[in-house]
Amino acid sequence: MVSLTAMLVSVAEFSNIISVLAVFMCFCGMFLLIMRNMTLFWLHGEELMFGTSVHTVQQRIPQMKMMKVHIPFTFKLQYASKSSYAEVQFLFSSQVPYTLQAFWGVSIRELHLFLWRPWNKFNASLQQGVMLQGHYQQRSRVIHEQNKHAEKTLRLCLPKPDLELGPPPRLCYPLVIFLVRRDNPTSLHPDETVALVSVVHIKDDDCTLPTSILAQYLKQANGQLSSLKQLYLATGNVSNYEEVVNESAFSVCEQLCVVCQFFPLSRALLPCRHTCVCASCFVKLDTCPMCRAPIKSYFTVRSEEYLTDSSEKTISSHPERLTQWLQDRLTDFIGFHR
């Protein structure tokens, strides 16, 4: 009888131990599940946070491989609100000898076909005076300049008042301006910029959109054609890409990151083109902090000497390493196979 009682007591104690172990295993399992489904955030080593709008991106956002290109021309519209076919003014500068040619009423299709021609054919048509022949309505006089110059004003007016563009959607651009360098073609590097082409819309009764430069195209000696896009700075100012990639213009980007307000902004986000974050904060984002658009890729607009490759890797991977280490230890303790 005593031995039976002792056995029952032992069984009761053993069942209590089993209950405690079961509760402990359930707790560990629940903790492991939470760790698998919740992102840990470690901000500058100061605090551990759960659930925030700023989080570490698990999938690395690719960097666009950008090449710095020296652009010897600048070209921008002046007094857009006062511009008309009677007179439209531009400010432009050049660091090389150039030829300037303006065409009115240019066929959109034929212009783009011409821009993709090899540089030797492009240049030959300019020298022979047959550029876009038969695909424009009027043209202005050709300007040849042998000396480089700082910014000066260019005034253009429609030679004859009978330009026919028709109602929108139009098949012709109102005004296209070519700035083409006059260097010896054989001495140019393949990546050298040889032409800047500006497409201009001028407000009229049929198309009341404001006068503006619709597009600018960059032609290189190797035949490559690029469309210049604008970058949007954190202050709301607009900067052309040719200004950003120029070493002397990096002072434009000395503003601080909109997230941390500590490091200078250095990355342009794509496709929205907002230039507003530093490399340190970039690894914690998957949407643009300015417009909330998803970040598909990026490129740098200034050097990031404040952040080495090793430190960037540490910032990017620290939360993942901590989470993975805790998961591995719990999995080993519970006895599951990894």
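Helices (H or I, at least four residues) and strands (E, at least two) are DSSP runs, numbered from the N terminus. The model is predicted: local features need pLDDT of at least 70, side-chain atom pairs count only at pLDDT 80 or more, and totals for chains, interfaces and linings use all residues. Residues are numbered from 1 along each chain as its sequence is written, and side-chain values use heavy atoms, with hydrogens and water left out.

**Exercise 1. Cis peptide bonds**

Task: Locate the cis peptide bonds from Pro168 to Pro169 and between Leu270 and Pro271, and state omega for each.

Solution.
- Step 1. The bond from Pro168 to Pro169 has omega near -5°. Pro169 sits in the loop between S8 and S9; S8 covers residues 149–156 and strand S9 covers 172–181.
- Step 2. For Leu270 and Pro271, omega is about 10°. Pro271 belongs to the loop between S15 and S16.

**Exercise 2. The hairpin of S15 and S16**

Task: Describe how S15 and S16 pair, and find what else pairs with S16.

Solution.
- Step 1. Two strands pair if DSSP finds at least two bridges between them. S15 and S16 meet this with two bridges in the antiparallel sense. Ala268 has Thr275 in S16 as its bridge partner.
- Step 2. The two strands form a hairpin with three residues between them. In the turn, Arg273 has a positive phi of about 65°.
- Step 3. Strand S16 (residues 274–277) also pairs with strand S13 (residues 230–233), in the parallel sense and over two bridges. Here Tyr232 stands opposite His274 in S16.

**Exercise 3. Salt bridges**

Task: Take three salt bridges, Lys76 with Glu151, Arg109 with Glu110 and Arg267 with Glu304, and describe their settings.

Solution.
- Step 1. A salt bridge is a side-chain nitrogen of Lys or Arg within 4 Å of a carboxyl oxygen of Asp or Glu. Searching the whole structure gives five.
- Step 2. For accessibility, buried means under 20% relative accessible area, exposed over 50%, and partly exposed in between (1.4 Å probe, protein chains only).
- Step 3. In the pair Lys76 and Glu151, the closest N and O atoms are 3.5 Å apart. Lys76 lies in strand S3 (residues 73–78) and Glu151 in strand S8, so the bridge ties together parts that are 75 residues apart in sequence. Lys76 is partly exposed at 42%, and Glu151 is partly exposed at 43%.
- Step 4. Arg109 and Glu110 meet at 2.8 Å, N to O. Arg109 is exposed, with a relative accessible area of 59%.
- Step 5. Arg267 and Glu304 have their closest N and O atoms 2.8 Å apart. Arg267 is in strand S15 (residues 267–270) and Glu304 in the loop between strand S17 (297–300) and helix H6 (309–334), so this pair ties together parts 37 residues apart in sequence. Both Arg267 and Glu304 are buried.

**Exercise 4. Nonpolar cores**

Task: Identify the largest nonpolar core and the residues with the most contacts inside it, then list what Leu175 touches.

Solution.
- Step 1. A nonpolar core is a set of buried Ala, Val, Leu, Ile, Met, Phe, Trp, Tyr and Cys residues joined through side-chain atoms within 4.5 Å.
- Step 2. The largest has 28 residues, and Phe90, Trp104, Leu156, Leu175 and Ile177 have the most contacts inside it. At least two residues come from each of S3, strand S4 (88–94), strand S5 (98–107), S8, S9 and S10.
- Step 3. Contact means heavy atoms within 4.5 Å. Leaving out residues up to four places away in sequence, Leu175 touches Val88, Phe90, Ala102, Phe103, Trp104, Leu156, Ser198, Val199, Val200 and Ile202.
- Step 4. Another core, of 23 residues, lies apart from it and includes Leu115, Phe122, Leu132 and Ala215.

**Exercise 5. Positive phi outside glycine**

Task: Are Leu132 and Gln261 buried, partly exposed or exposed, and where does each lie?

Solution.
- Step 1. Leu132 is not a glycine, yet has a positive phi of about 55°. Leu132 is placed in the loop between helix H3 (119–127) and strand S6 (138–139) and is buried, at 3% relative accessible area.
- Step 2. Gln261, also not a glycine, has a positive phi of about 55°. Gln261 is in the loop between helix H4 (241–245) and S15 and is partly exposed, at 48%.
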